Amino acid sequence: MILFPAIDVMNGRAVRLYQGDKNKATDYGDPLAFAEKWVEAGAEWLHIVDLSGAFTGASGIDSLIGEIKKRFPVRVQSGGGLRRIVDIRRRLDAGADRVVIGTMAVTDPDSFALACFEFPEKIVAGIDAKDGMFAVQGWTVQTDIRADEFAKKCKCMGIRCALFTDISKDGAMAGANVEETVRMQRETGLNVIASGGISSLEDLQKLHEGGVYGAVLGKSIYTGAVDLQEALALCAQN
């Protein structure tokens, strides 16, 4: 199972939100310092989110991604604020290896389909769910689309990976929604990356045993509840 240490960026700072609420942010400092820390611990991927972009649509982390790629031998998965083809192209040109797209799938489905065609292997479906329903625009808008149905549609469009976030779990350190994540992996045929609520090595063990493709680690590694080196060693086991 692949681990993706998260660096969520808002106003140029590395932060963690509670259940996606921008008014409940903990400031951890310089994003570059955390990129260095996670790479030194052994991370081969980073998950970098432009929270300012997610809330406003105005991206501002491309230069940060470029600097990270220049300094560190790491692959970058990035999301937040990518609502047009030009935004996706700019983020990829900045150095992101693949990008997470969610809101565009609802607000501009034609462009989403074009992105899947134009950037094969580089689009990750961002499936943010609240009570089983797909949420968009930085989790502020809940749609009437079932998250699992959206995932199956993405698979039919040629997407191979999905980032699945249970919003109610995110930042709460209350444990991952293992059952729903494993179900999403098994029923959709996508490579599912778990996100939200992972608070212990036990959570990771359960996801790993359930055959989940990957997991994003956020607050747990910032607070020290999970040691990233130990987690990487655990998830490297067959």
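Modeller: A residue is called buried when its relative accessible area is under 20%, exposed when it is over 50%, and partly exposed in between, with a 1.4 Å probe and protein chains only. This is a predicted model, in which local features need pLDDT of at least 70 and side-chain atom pairs count only at pLDDT 80 or more, while totals for chains, interfaces and linings use all residues. Residues are numbered from 1 along each chain as its sequence is written, and side-chain values use heavy atoms, with hydrogens and water left out.

Colleague: How many salt bridges does the structure hold?

Modeller: A salt bridge is a side-chain nitrogen of Lys or Arg within 4 Å of a carboxyl oxygen of Asp or Glu. Counted in this way, the salt bridges that the structure holds number 17.

Colleague: How many residues apart are R90 and D62?

Modeller: R90 and D62 form a salt bridge in which the closest N and O atoms are 2.7 Å apart. The pair links distant parts of the chain, since R90 belongs to helix α4 (residues 85-94) and D62 to helix α3 (residues 62-71), and the two are 28 residues apart.

Colleague: Is D87, which meets R84 in a salt bridge, buried or exposed?

Modeller: The side chains of R84 and D87 come together at 2.9 Å, taken from N to O. R84 has a relative accessible area of 49% and is therefore partly exposed. For D87 the relative accessible area is 3%, so this residue is buried.

Colleague: Which residues are linked with R84 in a network of salt bridges?

Modeller: R84 and D87, whose side chains meet in a salt bridge, are both members of this network, as are R90 and D62. Together with R84, the linked residues are D50, D62, D87, R90 and R91.

Colleague: How far apart in sequence are the parts that R160 and E121 tie together?

Modeller: R160 forms a salt bridge with E121, with 3.0 Å between the closest N and O atoms. R160 lies in the loop between α7 (147-156) and β10 (161-166), whereas E121 lies in the loop between α6 (109-118) and β7 (123-130), so the pair ties together parts whose separation in sequence is 39 residues.

Colleague: Does E121 count as buried or exposed?

Modeller: Its partner R160 is partly exposed, because the relative accessible area of R160 is 49%. E121 has 56% relative accessibility, so E121 counts as exposed.

Methods: Helices (H or I, at least four residues) and strands (E, at least two) are DSSP runs, numbered from the N terminus.
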